[in-house]
Amino acid sequence: HDPLGVHLRAMGLGGGFVAVEASDATESHRVARVRRDFVANVSHELKTPIGALQLLAEALLDATEPALHATESALLDATKPTGADGGEVGPTPSEDVRAARRFAERIQHESTRLGRLVNELLELTRLQGAEPLPAPDPVAVDWVLAEVVDRTRTTATARRIEVTVSGQAGLTAYGSDSQLATAVANLVENAIAYSDEGTTVAVVTRGNVEHIEIAVTDQGPGIAPDDVERIFERFYRADQARSRTTGGTGLGLAIVKHIATNHGGRVEVSSTLGGGSTFTLRLPARPPDAFLPPTPPVEI
Ligand code: ADP
């Protein structure tokens, strides 16, 4: 069933070649939409059981806390007899409790990672389906950076990494404030995750009439040239061993790239192995033409 082809043939317009191309394009759009909807639905459905797992693991940690303290203080009590008949003592309650807590912490860690994966997959699917923003709002870059520093403070502190912000103040970008904050936060989170403790992550802003730039520089391990070309692909992770320990998903940079493109900009990376990395988000300094007020008619 190919209504367009039938119509063209009825008009005497040749062997249906054009019609095949046209219906292929429609079909591939349809398939892309069905795939997006499917990922969105599955992700949404997965959120509930993952949330339940997290709560259960938390409840298990809370519930075993008194037992842990009790057995610890019992162990500290030197007068407490060990082994009723003076023979071999089995695993102490504290060993069981400790093992249970280790497993609960593991469940908590893995379910948090799964939750992040589902959220990022959902976010990416949304971005892939998104049209370019129809009426982009002016976004204060200073606000975006303050938000990013706020969001990443806990992880930065945990790794004793200082995040500094400098450069040009008062810059304006155009688009979605929350998407831009997500993009920059992903870059800063990576910079923190892949750097050694005690190093610095520098966020520097710059702008001219054409572009604004937000550059995130770290003192981390850098990225090999072969990997640099691929790190923006979904699920691509350069250094498998190191990447696994960061608990990331391999989707962060794909999200950054989509946000940059949806905003009429791009993201670039310059990096050398052993020499740290700089990721730069470059955005237009003006709203797209469609968003500008129409030019008044010239009076003659
Ligand atoms: P992940 O969740 O693995 O961090 P991303 O898409 O954010 O996923 O990054 C893809 C890969 O790029 C990472 O696994 C890592 O190998 C590499 N990478 C990203 N940022 C940095 C960085 N600042 N320094 C070194 N490697 C990085």
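## Exercises on strand pairing, the ligand shell and a surface patch

In strand E4, Val203 is the bridge partner of Val165, where strands are DSSP runs of E with at least two residues and helices are DSSP runs of H or I with at least four, numbered from the N terminus. The model is predicted, so that local features need pLDDT of at least 70 and side-chain atom pairs count only at pLDDT 80 or more, while totals for chains, interfaces and linings use all residues. Residues are numbered from 1 along each chain as its sequence is written, and side-chain values use heavy atoms, with hydrogens and water left out.

**Exercise 1.** Determine which strands pair with E4 and E5, and in which direction they run.

*Solution.* Begin with strand E2 (residues 162-167), which is joined to E4 by six bridges and runs parallel to it; two strands pair if DSSP finds at least two bridges between them. Next, follow E4 (residues 200-207) to E5, where six bridges join the two strands in an antiparallel arrangement. A hairpin of three residues provides the connection from E4 to E5, and within this pair Val204 has Ala215 of E5 as its bridge partner. Finally, E5 is joined by eight bridges to strand E7 (residues 277-284), again antiparallel, with Arg282 of E7 as the bridge partner of Glu213.

**Exercise 2.** Explain why E5 is described as largely enclosed, and examine the cover of helix H8.

*Solution.* Apply the cut-offs for relative accessible area, in which buried means under 20%, exposed over 50% and partly exposed in between, with a 1.4 Å probe and protein chains only. In E5 (residues 211-218), six of the eight residues are buried, and the strand is therefore largely enclosed by the rest of the structure. Helix H8 is mostly covered, since eight of its 11 residues are buried; among them are Leu253, Ile255, Val256 and Ile259. Just after H8, Gly264 adopts a positive phi of about 75°.

**Exercise 3.** Describe the surroundings of the ligand and its polar contacts.

*Solution.* First list the shell: of the 19 residues around the ligand (those with a heavy atom within 4 Å of it), Tyr194, Asp218, Arg237, Thr249 and Gly250 come nearest. Helix H5 (177-194), helix H8 (252-262) and E7 each contribute at least two residues to this shell, and H5 gives the largest share, three residues. Then consider the polar contacts, pairs of N or O atoms within 3.5 Å. An N or O atom in the Arg237 side chain lies 2.6 Å from a ligand oxygen, a polar backbone atom of Thr249 lies 2.7 Å from one, and a backbone N or O atom of Ala238 lies 2.9 Å from one. The ligand taken alone exposes 530 Å², of which the protein buries 96%, with areas from the Shrake-Rupley method.

**Exercise 4.** Classify Leu46 as buried, partly exposed or exposed, and locate it.

*Solution.* Leu46 belongs to helix H2 (residues 17-76), and because its relative accessibility is 39%, it counts as partly exposed.

Methods:
A polar contact is a pair of N or O atoms within 3.5 Å; within protein, one must be able to donate a hydrogen and the other to accept it, and residues adjacent in sequence count only if both atoms are side-chain atoms. Accessible areas come from the Shrake-Rupley method with a 1.4 Å probe; for residues, only the protein chains shown count as cover.
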